[in-house]
Structures are given as structure tokens and as C-alpha cells.
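Good morning. I will talk through one structure today, starting with the overall layout and then going to single residues. Please have a look at it before I go on.

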Amino acid sequence: MTLFKKQHDFLSYLETIHLEASVEQAMVERAISQLKKKTYEHKVIVALAAEFRKLALEQQISKAGLALYMKLQEPNIGDDVGLTVGLWF
């Protein structure tokens, strides 16, 4: 779903994010906590994107939050194809 090569890269990226909206920042901090507990990165990304999607649908997302949500939605062809190959065989 994103262009991050390793879990550490995504964790480092999230640690640099500081959002004005406390609800959005809490979601990011929760994702950071999950990654530090070695939760599967793809699962964390999907959950974080779902939370931001909910805010977007309710029109309660900030511009910075929307930018992060869009970043989470960027496709990674290698990962996406790799995850679906298992469905073919």
C-alpha cells in the first residue's frame, strides 16, 4: 500500500509526523506503538488508513491528515502483487 521498504522506514516516517488535530495525532501514535510491538506493517497501514478514511468521510480530516491519508493510499506494486499471488495458487 505504500512505498516503504522496511517496517523501520515506515516507523521512522510516522515518528516525524506531528498533526495539529489531537484525534489524528493519537491515531498516528497508536500506529507507532503497534509497530514498536512488531505488529505486521501491512496490518498497521490498513488500520491507520481506515481510521483516516472514516474522518475523511465525516469531513473532519485536516489538510495534513489528508496528506498522510493520501500517502498511505499510494500503491506499492511489488507488495500488492505479492499479497495477491497467494490467492492465485
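What pattern does the protein follow when read along the sequence? The pattern is α-α-α-α-α. Put as a count, there are five helices and zero strands. Keep in mind that this is a predicted model.

Now some totals. The protein has 89 residues, and buried residues make up 31% of them. The exposed surface of the protein comes to about 6,000 Å², with carbon and sulfur atoms supplying 60% of it. Then the contacts. If we take those with a separation of 6 or more, 65% are between residues 24 or more positions apart.

Next, the inside. How many residues does the largest nonpolar core have? It has 20 residues. Those with the most contacts inside this core are Phe10, Leu14, Val28, Leu48, Phe52, Leu68 and Leu72. Four helices each supply at least two residues of the core: H1, at 7-15, H2, at 22-36, H3, at 41-57, and H4, at 63-73. The largest share comes from H3, with six residues.

Let me pick out Leu68, one of the core residues just listed. Which residues does Leu68 touch, not counting those up to four places away in sequence? They are Tyr13, Ile17, Leu19, Val28 and Phe52. Two of these names, Val28 and Phe52, were also in the list for the core.

Tyr13 was not in that list, so why does the core leave it out? A nonpolar core is a set of buried residues, so Tyr13 does not qualify, because buried means under 20% relative accessible area and Tyr13 has 23%, which makes it partly exposed. As for its place, Tyr13 lies in helix H1. Tyr13 and Ile32 are 19 residues apart in sequence, and their C-alpha atoms are 9.7 Å apart in space.

Last, the loops. Where is Lys38? Lys38 sits in the loop between H2 and H3. Its phi is positive, about 70 degrees, although Lys38 is not a glycine. Lys38 is exposed, with a relative accessible area of 68%.

The loop between H3 and H4 holds Gln59. Gln59 is not a glycine, yet it has a positive phi of about 55 degrees. Is Gln59 buried or exposed? Gln59 is exposed, at a relative accessible area of 74%.

That is the end of my part. I will take questions now.

Notes:
Residues numbered from 1 in each chain as written. Predicted model: local features only at pLDDT ≥ 70, side-chain atom pairs only at ≥ 80, totals over all residues. Heavy atoms only, no water. Core = buried A, V, L, I, M, F, W, Y, C linked by side-chain atoms within 4.5 Å. Buried < 20%, exposed > 50% of the residue type's maximum accessible area, 1.4 Å probe, protein only. Contact = heavy atoms within 4.5 Å. Areas by Shrake-Rupley, 256 points an atom, 1.4 Å probe, with all protein chains shown as cover.
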